[in-house]
Amino acid sequence: MGALLGQSQEIIQEAPSTPVKKDTIKKSNRQKIDGIIAAVGDYIILDSDIDLAYIELAQQGASAADIPRCQVLGSLLEDKLYAHQATQDSTIVVTDAEINAMMNEKIGVMMEQIGGDMKKILKFYNKKNEEEFRSFFFDVLKNNKLTTEMRNKIIEDIEITPEEVRTFFKKIPQEDLPTFGAEMEVSQIIIQPKVSEAEKQKVIDRLNEIRREVLEEGASFTSRAVIYTQDRASSSNGGFYKINRKTPFLKEFKDVAFSLNEGEISKPFETEYGYHIILLERIKGQELELRHILLTPKVTDEALKEARDKITLIRNRIMEGEISFADAARTMSDEKETRANGGVFLNPRTLDSKFELTKMDPTLYNQVSNLKDKEISLPILEEDKLGQKQYKIITVTNRIDEHVAEYSKDYIKIKELALSEKRLIEIDKWTKEKIGETFIKVNGSYRNCDFVNGWVK
């Protein structure tokens, strides 16, 4: 999938085919040689790529029974167009190191899910050995990354004004207005156990020791990141990240990263996540390729008990009317993201304060589903994104029944719908323009497909 062609036009041969009705191509029960069915620029599409796409659809829970092969091919053609154009764009850089790191992480997840049996993966993808699978999977991931980067570049500068949102909403016929499901707004107060200075120093000392081992003994920073870092997002790929000034990382982290020279390892420094050291591997224009190790000081049982006692006292004061939930959150909560707005918890998917019940995270739903309005939960022990234990109390501050879209009430959602439409229009315009500029060939009976875009020239 996505193998490179040297001289694509010369090697593509159209196989004789019997005319078929448009958009009704089915897979024959007879075994046939896997052939090239299409090419976009330097990329080819094999008949087996469509079969693989069906398998991936099934994995995602989609019903592939009613999806014609023509439709799947159309989607693959779009992906290859994005990937081909990305290779022509000097501002889009996807490195082999980045793809290898991504591949190792994904294979690690696969292996964990199937009990560490590589043979099952090889059988699923019909590959002879691990080397063949890795070569195939590398191409898949690189093409996917190029596709994503190209698509993001097309829409990255697209913005929408309030007037455009209003115009979008007004043009929707009354009978076609979307219906939004039941929602609720949730507030929370979080108390994090205090970490002792002794535990902090243990972490700093360990990071200094790792730094010394790498600099003085030639130890591998990558292998130590795999073993020791507590950053779950990067542990499997050796702590690797590629960042620029606009990457949404903590300011303290970026300040240290951009102060380093290639090959330099920072001294331990602190962020809200714990303590880090950074190895700057490469500077590429405005981007840095780096690795880091994160260690988080341990919380003692005594500190955990103190946190529970504190949040219990806060809950009692609120229930007795001594202080409001919002004021308690502003003055006593340890969570920066919700403290400033009185504990209001933002939906991470929409960045809005409303949570649609059918799309709510199951854990959060279980915590709030039985709460009455203004009722405060008992202290809840949970783990934060780094696996550190903390206590919280939550309350439901507002409930919104299922309703037909209203401009003032649902502005955020309507804005997203309007922005999505504007992006789709821009993508459609870009696609039609690039189809006209790019070498594209569709073979055999697939030329009879009734594609949405003009793939057959």
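A residue is called buried when its relative accessible area is under 20%. In this predicted model, that description fits Asp47, Asp49, Ile50, Leu52, Ala53 and Tyr54 of helix α2. The cover over these buried residues includes the strands β1 (36-40) and β2 (43-46) as well as the helices α3 (69-88), α5 (118-125) and α6 (130-155). Helix α2 itself runs over residues 47-59, and because each residue should add 1.5 Å, its 13 residues should span 18 Å; the end C-alpha atoms lie 19 Å apart, which agrees. Just after α2 comes glycine 61, with a positive phi of about 90°.

Serine 266 offers a second place to look. This residue sits in the loop between α10 (251-257) and β6 (269-271), and it counts as buried because its relative accessibility is 5%. Beyond its neighbours within four places in sequence, serine 266 is in contact with Arg211, Val256, Leu260, Ile277 and Ile278. Leucine 279 is 13 residues away from serine 266 in sequence, yet their C-alpha atoms are 6.6 Å apart in space.

The pockets come next. The largest pocket has a volume of about 1,400 Å³. It is lined by 44 residues, and Gln192, Glu335, Asp384, Lys385 and Gln390 are the closest to its centre. Helix α13 gives the largest share of this lining, four residues. By class, the lining of the largest pocket holds 15 nonpolar, 11 polar and 18 charged residues.

The second largest pocket holds about 1,100 Å³ of space. Among its 27 lining residues, Glu149, Lys242, Asn244, Thr247 and Glu287 are the closest to the centre. At least two lining residues each come from α4 (96-113), α6 and β5 (240-243).

Key:
Residues numbered from 1 in each chain as written. Predicted model: local features only at pLDDT ≥ 70, side-chain atom pairs only at ≥ 80, totals over all residues. Heavy atoms only, no water. Buried < 20%, exposed > 50% of the residue type's maximum accessible area, 1.4 Å probe, protein only. Contact = heavy atoms within 4.5 Å. Expected span 1.5 Å × (residues − 1). 1 Å grid on protein atoms, 1.4 Å probe; cavity = no way out; pocket = protein on both sides within 12 Å on 5 of 7 lines; lining within 4 Å. Points joined across faces, edges and corners; volume = space filled by probe spheres on them. Nonpolar A, V, L, I, M, F, W, Y, C, P; charged D, E, K, R; others polar.
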